[in-house]
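Let's take a walk through this fold together, one piece at a time. Keep the 3D view open and follow along as we go.

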Amino acid sequence: MIAAVREWLTSVVAVTLLLTVAQTLIPEGNIRKIAAFTGGLALLAALLQPVLRTDLSRLELDLDAYGQAVEERRMELEAAREEELALVIASQTEAYILDKAAWLGLSLSVQVETETGAEGVPLPWAAEIKGAWSEELAAYMERELGIPRERQVWHETES
């Protein structure tokens with residue numbers, strides 16, 4: 001890398017020195033203007049030499065691997081979003097059940113499980129309740145929250 005930079009700088013300096021000598025030796029007039037223009041093109045070519053020598057066929061852009069990595073990351077983020085949403089929905093559903101239980105005068109603890117529905121949104125699926133059985137609360141969970149009685153697990157305790 002350093003050798004390439006050194007070679008490039010040497011060629012730029014050599015062309016500049018050659019142009020300076022040519023400018024001093026050529027007499028005033030149209031020939032000097034043509035020589036200055038031609039010398040400017042030669043200096044420009046020397047300056048652009050690294051760009052002009054670049055072999056673009058060796059440049060490999062692995063867009064397929066990049067696209068695959070982006071898709072994998074998108075899937076990871078989607079899974080994390082669904083997991084977070086499931087936790088929020090479970091937490092909110094537990095809060096609804098506890099509010100209804102408090103309104104009914106019941107003291108209990110609840111754990112709600114979610115499952116992804118047809119639209120890809122997590123829905124309350126099952127509930128595990130520790131506390132005294134309540135027909136009204138069981139009917140509420142079935143009617144309002146969509147948790148049928150067969151997925152309601154009651155662990156009856158004395159309150």
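**Starting from one glutamine**

The side chain of Gln 152 comes to 2.8 Å from the backbone oxygen of Ile 147. Keep in mind that what you're looking at is a predicted model. Gln 152 belongs to strand S3, and with 7% relative accessibility it counts as buried, because the cut-off for that label is under 20%. The Gln 152 side chain also has a polar contact with the side chain of Trp 154, at 3.4 Å. Which residues further off in the sequence does Gln 152 touch? Leaving out anything up to four places away, Gln 152 touches Ala 127, Ala 138, Met 141, Glu 142 and Ile 147.

Now zoom out to the sheet that holds this glutamine. Three strands make up an open sheet, ordered S1-S2-S3, with mixed pairing. S1 (109-116) and S3 (152-155) sit at the edges with a single partner strand each, so each has one side without a neighbour in the sheet. On average, and ignoring direction, neighbouring strands here are turned by 20° against each other.

What does "mixed" look like strand by strand? S1 pairs with S2 (residues 122-130) in the antiparallel sense, over eight bridges. If you'd like to trace that pairing on screen, try Ser 109, whose bridge partner in S2 is Lys 130, and then Gln 111, whose partner in S2 is Glu 128. S1 and S2 form a hairpin, with five residues between them. Look in the turn for Gly 120, which has a positive phi of about 85°. On the other side of the pairing story, S2 and S3 run parallel and are joined by four bridges. Lys 130 turns up again here, as its bridge partner in S3 is His 155. While you have the strands in view, a general point helps with reading them: in a regular strand, side chains alternate between the two faces of the sheet.

Next, add the helices. H4 (residues 63-103) lies across S1 and S2, and runs at about 140° to S1. H5 (residues 135-145) lies across S2 and S3, running at about 160° to S3. How do the two helices sit relative to each other? The axes of H4 and H5 come within 10 Å and cross at roughly 145°, and the crossing is right-handed.

Which residues meet where H4 and H5 come together? From H4 you have Thr 93, Tyr 96, Ile 97, Lys 100, Ala 101 and Trp 103, and from H5 there are Glu 136, Leu 137, Tyr 140, Met 141 and Leu 145. Sorted by class, that contact has eight nonpolar residues, one polar and two charged. Met 141 may ring a bell: it's also among the residues that Gln 152 touches.

One last stop is the loop between S2 and H5, where you'll find Ser 134. Is Ser 134 buried or exposed? Its relative accessible area is 10%, so it's buried by the under-20% cut-off. The side chain of Ser 134 reaches the backbone nitrogen of Leu 137 at 3.1 Å, and Leu 137 is one of the H5 residues that meet H4. Setting aside residues up to four places away in sequence, Ser 134 touches Leu 104, Leu 106 and Trp 154. That brings us back to where we began, as Trp 154 is the residue whose side chain makes a polar contact with the side chain of Gln 152.

Definitions and conventions: Residues numbered from 1 in each chain as written. Predicted model: local features only at pLDDT ≥ 70, side-chain atom pairs only at ≥ 80, totals over all residues. Heavy atoms only, no water. Axes fitted to C-alpha atoms, helices over the stretch in contact; angles between N-to-C directions. Left-handed = near helix turned anticlockwise from the far one by under 90°. Contact = heavy atoms within 4.5 Å. Nonpolar A, V, L, I, M, F, W, Y, C, P; charged D, E, K, R; others polar. Pairing = 2+ DSSP bridges. Buried < 20%, exposed > 50% of the residue type's maximum accessible area, 1.4 Å probe, protein only. Polar contact = N/O pair within 3.5 Å; in protein donor to acceptor, adjacent residues only side chain to side chain.
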